[in-house]
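The following account leads the reader through a single protein chain, from its backbone details to its overall form. Please keep the sequence and the three-dimensional view at hand while reading.

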Amino acid sequence: MDVWEFRESVKLSREIFAQSAFDKFRGREQQPGSHVQSDKEIDAFVRQKADSAYHPSCTCKMGQPSDPMAVVDPETRVIGVENLRVVDASIMPSVVSGNLNAPTIMIAEKAADIIKGLPPLRDHNVPVYQPPTLETQR
């Protein structure tokens, strides 16, 4: 699916920049280059050049063992594998809009407490924001 979307992006970019409004600004195509035309050629370009500007995150869903999509349980243990945990940004439920460093450190701190068997850090007198519905967070 990703390759298809990249391929369509190349085609759409070419279509947009072929418009007459760009005539005085357009030079020759730098990448993938005008010689790359077929879907197979564009796909090869995508596979060779595509990269992510984001740190990997949200690739190992945390959930209950009964959830077929969950990779780790709420205590960061890999479901179905003994003595293995995932303690990094991959267990985040959704991509954060800021830097991943601080949230990843907090995940590691929490996991370390879980591994050590320490109780959760809680101050019952501290108010915690509860949105009226989950939809307000989206």
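Proline 32 is found in the loop between H1 and H2. In this predicted model, the peptide bond that leads from glutamine 31 into proline 32 is cis, and its omega is near 5°. A second backbone detail concerns threonine 76, which lies in the loop between H2 and helix H3, the latter covering residues 101-116. Threonine 76 is a residue other than glycine, yet its phi is positive, near 70°.

These loops connect the elements of a helical protein: there are three helices and zero strands. Read along the sequence, the pattern is accordingly α-α-α.

How do the helices on either side of proline 32 pack? Helix H1 comprises residues 2-17 and helix H2 residues 39-49; the two pack at an angle of about 110°, and their axes are 9 Å apart. Because angles of 65 to 115 degrees count as roughly perpendicular, H1 is roughly perpendicular to H2. On the side of H1, the residues that take part in the contact are Val3, Phe6, Arg7, Val10, Lys11 and Arg14. They meet Asp39, Ile42, Asp43, Val46 and Arg47 in H2. By class, the residues of this contact divide into five nonpolar and six charged, with no polar residue.

Arg14, one of the H1 residues that meet H2, also appears in the description of the largest pocket. This pocket has a volume of about 350 Å³. It is lined by 13 residues, of which Ser13, Arg14, Phe17, Glu29 and Gln31 are the closest to its centre. Gln31 is also the residue from which the cis peptide bond runs to proline 32. The lining of the largest pocket consists of four nonpolar, five polar and four charged residues.

Finally, the overall dimensions may be considered. Along its principal axes, the C-alpha trace of the protein spans about 65 × 35 × 25 Å. The radius of gyration is 23 Å, whereas a compact globule of 138 residues would have a value near 14 Å.

Methods. Residues numbered from 1 in each chain as written. Predicted model: local features only at pLDDT ≥ 70, side-chain atom pairs only at ≥ 80, totals over all residues. Heavy atoms only, no water. 1 Å grid on protein atoms, 1.4 Å probe; cavity = no way out; pocket = protein on both sides within 12 Å on 5 of 7 lines; lining within 4 Å. Points joined across faces, edges and corners; volume = space filled by probe spheres on them. Nonpolar A, V, L, I, M, F, W, Y, C, P; charged D, E, K, R; others polar. Axes fitted to C-alpha atoms, helices over the stretch in contact; angles between N-to-C directions. Helix = DSSP H or I, 4+ residues; strand = E, 2+ residues; numbered from the N terminus. Parallel < 35°, antiparallel > 145°, perpendicular 65-115°, else oblique. Contact = heavy atoms within 4.5 Å. Rg over C-alpha atoms; globule rule 2.2 N^0.38 Å.
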